[in-house]
Amino acid sequence: MSLFVWKPDYSVNNAVLDGHHQQLFSLVNSVYENVMNSQALDCALTKIDELTEYTKYHFLAEERYMREKGFSGIDEHIAKHREFTHTIETLRESYHGNDLEAARDLIVALGEWLLQHVLKDDRTYSA
Ligand SMILES: [Fe+2]
Ligand SMILES: [Fe+2]
């Protein structure tokens, strides 16, 4: 079951960043499946680490793009990115500490956050 799937409606009118968002949705989904099915620690943590790395990569690219465009809401936007990164760290700690209930809540929250962020916040720089 794929809970978090990117759709063309979510486009920010930039093919590269749209591609990043697709990949992020797919990684969130794969972490979700691992965490929900309580996969072995190694397997789930590898996915969580992949999500962490890709998130960093995407946020840097997006922040660079906003800077190039002279987007005025950049500081606020970067603060939101930090929040997301921090939540992934908390999720990793929860899963590592075997607090599966917290980990499940966190991955659902991350998926919802990502969807809202792409639909609302990321769209503000694409206009
Ligand atoms: Fe963003
Ligand atoms: Fe984004």
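1. In this note, helices are DSSP runs of at least four residues, numbered from the N terminus. By that naming, Asn-98 has its place in the loop between H3 and H4. The structure is a predicted model, and the remarks below should be read accordingly.

2. Two of the helices can be checked for length. Helix H1 covers residues 15-36; at 1.5 Å a residue, its 22 residues should span 32 Å, and the 31 Å between its end C-alpha atoms agrees with this. For the 29 residues of H2, the expected span is 42 Å at 1.5 Å a residue, and its end C-alpha atoms are 42 Å apart, which agrees.

3. The ends of these helices deserve a look. At the start of H1, Asn-14 places a side-chain oxygen within 3.0 Å of the backbone nitrogen of Val-16. After H1 comes Ser-38, with a positive phi near 45 degrees. H2 is followed by Gly-70, and there too phi is positive, near 65 degrees.

4. Two asparagines also merit attention for their backbone angles. Most residues other than glycine have a negative phi. Asn-13, in the segment before H1, has a positive phi near 60 degrees. Asn-13 is exposed, because its relative accessible area is 61% and the cut-off for exposed is over 50%. Asn-98 likewise has a positive phi, near 65 degrees. Its relative accessibility of 60% means that Asn-98 counts as exposed.

5. Which residues coordinate the iron ion (ligand 1)? The donors are Glu-62 (OE), His-77 (NE2), His-81 (NE2), His-117 (NE2) and Asp-122 (OD), at 2.0 to 2.2 Å. Along the chain, these donors follow the spacing E-x14-H-x3-H-x35-H-x4-D. His-117 is buried, with 2% relative accessible area, and Asp-122 counts as buried at 0%.

6. The iron ion (ligand 2) has as its protein donors His-21 (NE2), His-58 (NE2), Glu-62 (OE) and Asp-122 (OD), which lie 2.1 to 2.2 Å from the ion. Their spacing along the chain is H-x36-H-x3-E-x59-D. Why is the arrangement around the iron ion (ligand 2) irregular? The four donor atoms subtend angles of 81 to 169 degrees, whereas a tetrahedral assignment would need all angles to lie between 85 and 135 degrees. A reader should bear in mind that water is not among the atoms, so sites may look incomplete.

7. The two metal sites are linked. Glu-62 bridges the iron ion (ligand 2) and the iron ion (ligand 1), which lie 3.5 Å apart. Glu-62 belongs to helix H2 (residues 41-69) and Asp-122 to helix H4 (residues 100-126), so the pair ties together parts that are 60 residues apart in sequence. Both Glu-62 and Asp-122 are buried.

8. In soluble globular proteins, nonpolar side chains tend to be buried together. Here the largest nonpolar core has 27 residues, and Leu-91, Ile-107 and Leu-114 have the most contacts inside it. H1, H2, helix H3 (74-96) and H4 each supply at least two residues of this core. Apart from it lies another core, of nine residues, including Val-12, Leu-17, Phe-71 and Tyr-125.

9. Leu-114 gives a closer view of the packing. Which residues does Leu-114 contact, leaving aside neighbours within four places in sequence? They are Leu-24, Phe-25, Val-28 and Phe-84.

10. Thr-55 lies in helix H2. Is Thr-55 buried or exposed? Its relative accessible area is 0%, and a residue under 20% is buried. When neighbours within four places in sequence are set aside, Thr-55 contacts Leu-24, Phe-84, Thr-85 and Ile-88. The C-alpha atoms of Thr-55 and Phe-84 are 8.8 Å apart, although the two residues are separated by 29 places in sequence. The side chain of Thr-55 also reaches the backbone oxygen of Leu-51, at 2.6 Å.

11. Glu-33, placed in helix H1, offers another case. With a relative accessible area of 30%, Glu-33 is partly exposed, since that category lies between the 20% and 50% cut-offs. Glu-33 and His-20 are 13 residues apart along the chain, and their C-alpha atoms are separated by 20 Å.

Technical notes: Residues numbered from 1 in each chain as written. Chains lettered and ligands numbered in written order. Predicted model: local features only at pLDDT ≥ 70, side-chain atom pairs only at ≥ 80, totals over all residues. Heavy atoms only, no water. Expected span 1.5 Å × (residues − 1). Polar contact = N/O pair within 3.5 Å; in protein donor to acceptor, adjacent residues only side chain to side chain. Donors = N, O, S within 2.8 Å, 3.2 Å for Na, K, Ca; no water. Buried < 20%, exposed > 50% of the residue type's maximum accessible area, 1.4 Å probe, protein only. Tetrahedral: all angles 85-135°; square planar, octahedral: opposite > 155°, others 65-115°. Core = buried A, V, L, I, M, F, W, Y, C linked by side-chain atoms within 4.5 Å. Contact = heavy atoms within 4.5 Å.
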